[in-house]
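Here is a walk through one protein model, written for someone who would rather look at residues than at statistics. Keep the viewer open and follow along.

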Amino acid sequence: MDVELIRLTKRYGSTTAVDGIDLRIRSGDYCCLLGPSGCGKTTTLRMIGGHETVSSGDVVIGPRAVGDAAPSERGTAMMFQSYALFPHLNCRDNVAFSLKMRGVGKTERRAKAMAMLDLVQMTHLSERLPAQLSGGQQQRVALARALVTGPKVLLLDEPLSALDPFLRVRMRTELKRLQKDLGLTFIHVTHSQEEAMALSDLVVVMNGGRIEQAGDPRTVFERPASAFVARFIGGHNVIVLPGNRPVAVRADRMRLGDRAGAEAVPARIVSVEYQGSSVHVGLEAKGLAEDGTALTAILPDDTFAARPFALGQTVPVGWDAEAAHRLTA
């Protein structure tokens, strides 16, 4: 089901948390709202789900505006960051609880709950209490509970943030598989650039209550619209050229040493970090970085090993002209 936000605004007294944003999410897309803490992404998600009142503007889900509708009337379901499972109910009854509140009979609601637990591969633990589950297992139960009412739009508030890195990657795969299998619209809040890139059909980068850029992951990464997006998405250097023209250059397209080219400038190496398949080299080059921060060059491990650089060394740094993307916003 399509979701459209029209001049959506949320104010808390004199503070504007979400500032007149416009966005269209196509039915069946996986959309990630991405940004730093306080950018307005969770408030936006809660307004879509009806868990936060709208100050002005509107939320349209499918064919109708739902700005004043109760959460249960929107065709949405929310999966909260804390999972919010009832500690005294087993997995099956946690999943079935919302159906019980809707008056669904015991036999039917338990059958539907077990079907959802099967979907998330948790039927074998249906009798366990939340305290007897791992974090990843709790997340699967919370996901089954959100899906059991048959929503058209699933809202996820940082659902992977409590998991360890290995499990986070595994659960990303599970979320994407479920979303494609069910054909639902997923709207997922995260502050992880890697998570948004891995999951999204549509990445929405927010800052200060506004949308800085919205697009498919490759476009947002390859062609950031602003210095903020280039820095927040990561993997880019923001460089100021003569005439105060900022450009973004991917860190893996920076050239060092004898590969730097004719337009190279001298830079001092301030850090060297081995990352397995690559080495990240931090550089200070006067007048290049917009805010004085170090630049980064990412070199393949074998390239660095063949001709290593040392801390404090001054080396030429450059990039191919076609690697520089002009920042227009």
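Let's begin in helix α4, where G136, Q139, R140, V141, A142, L143, A144, R145, A146 and L147 are buried. Buried here means under 20% relative accessible area, exposed means over 50%, and partly exposed is in between (1.4 Å probe, protein chains only). Helices (H or I, at least four residues) and strands (E, at least two) are DSSP runs, numbered from the N terminus.

A quick word on what you're looking at: this is a predicted model, in which local features need pLDDT of at least 70 and side-chain atom pairs count only at pLDDT 80 or more, while totals for chains, interfaces and linings use all residues. Residues are numbered from 1 along each chain as its sequence is written, and side-chain values use heavy atoms, with hydrogens and water left out.

**Two covered helices**

Back to α4, which is mostly covered, with 10 of its 13 residues buried. Those buried residues pack against β6 (76-79), α2 (91-101), α3 (106-119), β7 and α5. The length of α4 (residues 135-147) works out too: at 1.5 Å a residue its 13 residues should span 18 Å, and the end C-alpha atoms are 19 Å apart, which agrees. The expected span is 1.5 Å times one less than the number of residues.

Helix α1 is another one to look at: seven of its nine residues are buried, so the rest of the structure largely encloses it. The buried set is K41, T43, T44, L45, M47, I48 and G49. Right after α1 comes G50, with a positive phi near 85°.

Which residues does M47 touch, once neighbours within four places in sequence are left aside? They are L8, T9, K10, V18, E52, T53, V54, V59 and R74, where contact means heavy atoms within 4.5 Å. M47 sits in α1 (residues 41-49), and because its relative accessibility is 0%, M47 counts as buried. M47 and T9 are 38 residues apart along the chain, yet their C-alpha atoms are separated by 9.3 Å.

**Two odd backbone spots**

R7, in strand β1 (residues 3-12), has a positive phi of about 45° although R7 is not a glycine. E158 is a non-glycine residue with a positive phi near 45° as well. You'll find E158 in the loop between β7 (153-157) and α5 (165-182), and it's buried, with a relative accessible area of 12%.

**Two open sheets**

Strands of a sheet pair through backbone hydrogen bonds, either parallel or antiparallel. For the pairs below, DSSP has to find at least two bridges between two strands. The twist is an angle between axes, which are lines fitted to C-alpha atoms (for helices over the stretch in contact), and angles run from 0 to 180 degrees between N-to-C directions.

| Strand order | Pairing | Edge strands | Average twist from one strand to the next |
|---|---|---|---|
| β11-β12-β18 | antiparallel | β11 (236-241) and β18 (324-326) | 35° |
| β13-β17-β14-β15-β16 | antiparallel | β13 (254-256) and β16 (295-300) | 45° |

In the three-strand sheet, β12 (residues 245-250) pairs with β18 over three bridges, and A248 has H325 of β18 as its bridge partner. In the five-strand sheet, β13 and β16 each have a single partner strand, so one side of each is left without a neighbour in the sheet. Three bridges join β13 to β17 (residues 314-319), and M254 has W319 of β17 as its bridge partner.

**Q213 and an aromatic pair**

Is Q213 buried or exposed? At 11% relative accessibility, Q213 counts as buried. Q213 lies in strand β10 (residues 210-215), and a polar atom of its side chain is 3.1 Å from the backbone oxygen of R223. Beyond four places in sequence, the contacts of Q213 include V203, T219, R223, P224 and V229.

Finally, the rings. The structure holds four aromatic pairs, counted when ring centres of Phe, Tyr or Trp (its six-membered ring) lie within 6.5 Å; planes under 30 degrees apart are stacked, over 60 edge-to-face, and the rest tilted. One of the pairs is F228 with F232, stacked at 5.7 Å centre to centre and 10° between the planes. The two are four residues apart in helix α8 (residues 227-233), so about one helical turn separates them. F228 is partly exposed at 21% relative accessibility, whereas F232 is buried at 14%.

Terms used:
Polar contact = N/O pair within 3.5 Å; in protein donor to acceptor, adjacent residues only side chain to side chain.
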